[in-house]
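Dear colleague,

Please find below the sequence and structure that I am handing over to you. My notes on what was found follow directly after.

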Amino acid sequence: MKQILEAILSGDNAAVGELDVPEHYRGITVHADEAAMFDGLDSKEKDPRKSLHLDDVPTPELGPGEALVAVMASAINYNTVWTSIFEPVSTFSFLKRYGKLSPLTARHDLPYHVVGSDLAGVVLRTGPGVNAWKPGDEVVAHCLSVELESPDGHNDTMLDSEQRIWGFETNFGGLAEIALVKSNQLMPKPAHLTWEEAASPGLVNSTAYRQLVSANGANMKQGDVVLVWGASGGLGSYATQFALNGGAIPVCVVSSPEKAELCRAMGAELIIDRTAEGYKFWKDEHTQDQKEWKRFGARIRELTGGDDPDIVFEHPGRETFGASVYVARKGGTIVTCASTSGFMHEYDNRYLWMNLKRIIGSHFANYREAWEANRLIAKGMVHPTVSKVYPLEDTAQAAYDVHRNLHQGKVGVLTLAPTEGLGVRDPALREQHLAAINRFRNR
């Protein structure tokens with residue numbers, strides 16, 4: 001690993017392909033024999049610092065259509081939090097199911113799971129049948145893993161019957177010094193970004209693109225009023241940028257003055273601080289407060305000059321979903337993913353069916369959508385939202401911070417990169433957008 005890192009840091013990426021691939025590497029794991037460690041605890045009481053481990057693991061065999069990547073940086077996503085607290089189910093059930101598919105996928109069914117669904121790094125090796133990438137290429141990876149042996153995925157790869165999220169439903173993820181990916185997960189690393197900045201958008205940027213911009217999601221158009229929950233968070237911060245770039249009108253829902261300030265820094269003007277304004281959409285665990293839905297809807301109209309949201313960008317889930325369905329305009333769209341506050345949504349169907357509203361489920365993105373989202377990053381039209389970066393050794397603390405909502409934007413992790421700030425290849429473009437690149441820093 002040391003020789004590989006030295007070659008990358010010296011700028012001699014071509015030499016990487018001539019070096020031996022290490023037999024072992026360090027990666028962040030969960031262990032199958034600990035899957036019941038949090039049984040009986042409430043989600044908020046489950047501590048990723050107890051379940052995430054930094055282990056030395058064997059390098060997996062490289063198969064056809066695959067690549068091994070030396071990972072310079074990665075990032076924390078909510079799926080890593082779910083993995084670490086074994087919710088809604090243990091990810092070892094995913095690995096076991098995947099392992100039954102073929103002798104090659106059997107590699108993934110192990111008593112440990114190397115996690116992580118983002119990376120920026122350098123290609124080490126490619127397997128048979130890979131022609132678009134070679135050792136030494138600087139890349140980022142999206143997290144869609146598909147087999148494409150069924151007809152279901154050939155119109156939209158997200159519909160493939162064997163669609164999985166890499167590093168969550170597969171093994172050998174990006175929170176490690178080496179990662180195993182399918183070659184069609186790879187995309188060019190944006191040249192003006194550091195390793196940690198380039199690693200951070202992948203999952204959330206692509207997810208927000210499909211959910212909001214793509215015809216497979218809300219198909220946003222100019223002038224649309226878009227209600228964005230958690231607008232300064234890992235997912236919402238990209239939705240806010242897409243809305244602004246696409247000529248829409250974001251109404252940003254946040255939970256503190258600091259988060260409101262971040263939305264203003266992105267260019268948003270219509271902001272609701274739900275904590276300051278005291279919105280409580282549930283009277284108790286079982287009963288929602290429709291008066292609060294109406295008060296919230298009235299506040300949106302006050303900000304927009306009388307317009308209800310054309311699109312509601314939903315990801316908190318249970319806590320907010322009833323309000324989201326209520327406030328969407330007649331004929332409007334609620335597009336939903338993630339459900340970070342709970343998966344069991346409740347809403348009053350009268351407001352949906354009688355007002356011809358639509359609920360669209362959205363999950364990550366297909367390769368084309370991910371490529372387009374990454375292209376916008378590479379062109380400096382959408383910017384990373386890294387607020388804090390941890391070393392690999394402190395990944396468990398980083399996951400804890402995300403679990404407890406102690407972060408803004410995205411939390412990065414240095415894997416092989418020894419320090420922040422490395423990997424910039426286009427300093428002129430970086431200088432042009434430096435203020436936007438850094439606006440989430442140290443928040």
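**Salt bridges**

R375 and E372 are three residues apart in helix α12, a spacing of about one turn of the helix. The two form a salt bridge in which the closest N and O atoms are 3.8 Å apart. R375 is partly exposed, at 40% relative accessibility, whereas E372 is buried, at 19%. Please bear in mind throughout that this is a predicted model.

A second pair has a similar setting in helix α9 (residues 290-304), where E292 and R295 are three residues apart and thus separated by about one helical turn. Their side chains meet in a salt bridge with an N to O distance of 2.9 Å. Here E292 is buried, with a relative accessibility of 11%, and R295 is partly exposed, with 34%. An α-helix has 3.6 residues a turn, so residues three or four places apart point the same way.

The pair E87 and K46 joins two loops. Their side chains form a salt bridge at 2.7 Å, N to O. E87 belongs to the loop between α3 and α4 (92-99) and K46 to the loop between β1 and α2, so this salt bridge ties together parts that lie 41 residues apart in sequence. Both partners are buried: E87 has a relative accessible area of 17% and K46 one of 10%.

In total, 28 salt bridges were counted. A network of salt bridges links E196, E197, E420, R430 and R441.

**Helix α13**

Helix α13 (residues 395-403) is largely enclosed by the rest of the structure, because seven of its nine residues are buried. These are T395, A396, A398, A399, D401, V402 and H403. Among the elements that cover them are the strands β1 (24-31), β3 (66-76), β19 (386-391) and β20 (410-414), together with the helices α2 (48-51) and α3 (78-85). Just after α13, N405 adopts a positive phi of about 55°.

**Cavities**

The search of the whole structure returned two cavities of 30 Å³ or more.

The largest cavity holds about 90 Å³ of space. Its lining consists of E66, Y98, R107, H108, S145, W166, T170, N171, L180, V181, K182 and Q185. By class, these are four nonpolar, five polar and three charged residues. Strand β9 (residues 178-182) supplies the largest share of this lining, with three residues.

The second largest cavity holds about 50 Å³. M187, A198, P201, G202, N205, S206, A370, N374 and I377 line it. Five of these residues are nonpolar and four polar, with no charged residue. Helices α6 (202-213) and α12 (367-378) each contribute at least two residues to the lining of this cavity. Helix α12 is also the helix that carries the R375 and E372 pair.

**A pocket**

The second largest pocket has a volume of about 170 Å³. Of the 13 residues that line this pocket, Y98, L104, T105, E147 and K182 lie nearest its centre. The lining comprises four nonpolar, four polar and five charged residues. Y98 and K182 also appear in the lining of the largest cavity.

With kind regards

Note on methods
Residues are numbered from 1 along each chain as its sequence is written. This is a predicted model: local features need pLDDT of at least 70, side-chain atom pairs count only at pLDDT 80 or more; totals for chains, interfaces and linings use all residues. Side-chain values use heavy atoms; hydrogens and water are left out. On a 1 Å grid over the protein atoms alone, a cavity is a set of points where a 1.4 Å probe fits but cannot get out, and a pocket is an open set with protein on both sides within 12 Å along at least five of seven lines; lining residues have an atom within 4 Å of a point. Grid points are joined across faces, edges and corners, and a volume is the space filled by probe spheres set on the points. Helices (H or I, at least four residues) and strands (E, at least two) are DSSP runs, numbered from the N terminus. Ala, Val, Leu, Ile, Met, Phe, Trp, Tyr, Cys and Pro count as nonpolar, Asp, Glu, Lys and Arg as charged, and the others, Gly among them, as polar. Buried means under 20% relative accessible area, exposed over 50%, partly exposed in between (1.4 Å probe, protein chains only). Contact means heavy atoms within 4.5 Å. A salt bridge is a side-chain nitrogen of Lys or Arg within 4 Å of a carboxyl oxygen of Asp or Glu.
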